[in-house]
Amino acid sequence: MDGNEKTGKTKKPNPAKWRPQTRLVRGGLERSGFHETSEALYMTSGYVYPNAEEAEAAFKGDIQRFVYSRYANPTVGMFEERMRLLEGAEAARSTSSGMAAVFASLMAQLRAGDRVVAARALFGSCHFIISELLPRYGIETELVDGTDLDQWRKALKKKTKAIFFETPSNPQLEIIDVRAVSNLAHEAGACVVIDNVFASPVLQQPLELGADVVVYSATKHIDGQGRSLGGVILSTNEFAQTTLKDFLRHTGPAISPFNAWLLLKGLETLDLRVMRQMENARVIANFLSKQNKLRRVLHPDLASHPQHALAKKQMKGGGTVVAFDLDGGKPAAFRFLNALRLVDISNNLGDGKSLVTHPATTTHQRLPIEDRERLGITEGLVRLSVGLEDPADVQDDLATALKAV
Ligand SMILES: *Cc1c(COP(=O)(O)O)cnc(C)c1O
């Protein structure tokens, strides 16, 4: 059951013909008998049966209907269908958080004795799953420099079940060549799992570039308004049905219908928000590039970014996040953060509000210092997720805070 049963409408549009912005607004919409404009919120954990025979048939799988919201729910189904259409995937499944999506996309396909290769530049919790959790279950893992194709080639000489990476990475915005790395993985028979959080579905389509599975933290741009956690896994039908389905049903990372409804409504404005936030991020990145207290300013759309050409090739734009390195390490970074009056200190990103964080002491605090240094997550590095405010106000705030350093 995918939560998209027919409502008996006579005029059925064809979403396959819709352009992306239309899919964002109308994809997956299934109206109830009340003909509501906005998507209905079905806050229910279970469903009732007219008789015992129908319950039996539902559990046997002889009839397709809603059984229990850990398996499927009409509101959750609408969110999944909208994501599926947007990404051009065969199947979409949602989870309670981005980490639940990352964990399920890997754990559902792995067994003891399998091997995973991942790029070293990972979000803190992804790093924990790859380098600490999977090995506890007898799964060998290796981290490589994701921007170095030779390292992938070498690591994939050993039999590998899956590879995992983020691009752009959190927080240093490293760009990995999705097509080239996917080709290497496929030659080695490995499944390519990509965390597409930083690009969002608006700016990068990893499935078109060769990925097999795409995961999102919907908490970030998809909600984008700081209200809800959520995650999504996009894949083939085969992966969703044979690998994911039982894992999700029986381990229970199901999203609340209420949160799925928030995310569904978030999708309607996703393109508008991401494009405007990116425009603002470009203004801020250019402004920061001219400041002399900064060692480097990172945004994929700056010509100075190490993988600028690759970003242009595989993304529709460099995204909403800017990172920069302050001279003077942690004390300078803390003085800067504490002097901000408009931009909030918060570890979230992709939000309508501009948010700033110091990765070395927050999101990447768990990482051994050698790993942080190797990744360029220095003590002076600041990550700024640019929001929807007038960029001139954000720029004024940053300028004042830079004076305090
Ligand atoms: C935030 C984030 C996650 C985790 O998502 P949650 O919704 O917080 O669980 C995973 N990967 C990346 C790159 C992220 O930024």
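Colleague: Where is Pro-168 found?

Modeller: Pro-168 is found in the loop between β4 (162–166) and α7 (178–187), the β and α labels standing for strands (E, at least two residues) and helices (H or I, at least four) that are DSSP runs, numbered from the N terminus. This is a predicted model, in which local features need pLDDT of at least 70 and side-chain atom pairs count only at pLDDT 80 or more, while totals for chains, interfaces and linings use all residues. Residues are numbered from 1 along each chain as its sequence is written, and side-chain values use heavy atoms, with hydrogens and water left out.

Colleague: What kind of peptide bond joins Thr-167 and Pro-168?

Modeller: The bond is cis, with omega about -5 degrees, and another cis peptide bond, with omega about 5 degrees, joins Asn-170 and Pro-171. Pro-171 lies in the loop between β4 and α7. Most peptide bonds are trans, and most residues other than glycine have a negative phi.

Colleague: Which sign does phi have in Leu-173, and is Leu-173 buried or exposed?

Modeller: Leu-173, found in the loop between β4 and α7, has a positive phi near 60 degrees. Buried means under 20% relative accessible area, exposed over 50% and partly exposed in between, using a 1.4 Å probe and protein chains only, so Leu-173, at 1%, counts as buried.

Colleague: Why is His-35 called exposed?

Modeller: His-35 has a relative accessible area of 64%, and therefore counts as exposed. His-35 is placed in the loop between α1 (20–26) and α2 (52–60), and its phi is positive too, near 55 degrees.

Colleague: What makes α11 close to the expected span of a helix?

Modeller: The expected span is 1.5 Å times one less than the number of residues, which for the 15 residues of α11 (237–251) gives 21 Å, and α11 reaches 20 Å from its first C-alpha to its last. Nevertheless, α11 bends by about 55 degrees at Leu-244, the bend being the angle between axes fitted to the seven residues ending there and the seven starting there.

Colleague: Which residues of α11 are buried, and what covers them?

Modeller: The buried ones are Phe-239, Ala-240, Leu-244, Phe-247 and Leu-248, and their cover includes β1 (91–95), α4 (98–107), β6 (213–217) and β7 (231–235), counted by contact, that is, heavy atoms within 4.5 Å.

Colleague: What makes the pair formed by Lys-220 and the ligand a polar contact?

Modeller: A polar contact is a pair of N or O atoms within 3.5 Å; within protein, one must be able to donate a hydrogen and the other to accept it, and residues adjacent in sequence count only if both atoms are side-chain atoms. An N or O atom in the side chain of Lys-220 is 2.8 Å from an oxygen atom of the ligand, so the pair qualifies. A polar side-chain atom of Thr-219 lies 2.6 Å from a ligand oxygen atom, and a backbone N or O atom of Gly-98 lies 2.8 Å from one.

Colleague: Why is Asp-223 called buried?

Modeller: Asp-223, in helix α10 (219–223), has 0% relative accessibility and therefore counts as buried. A polar atom of the Asp-223 side chain lies 3.2 Å from the backbone nitrogen of Gly-226, and residues that Asp-223 touches include Ser-228 and Arg-273.

Notes. Lists of a residue's contacts leave out its neighbours within four places in sequence.
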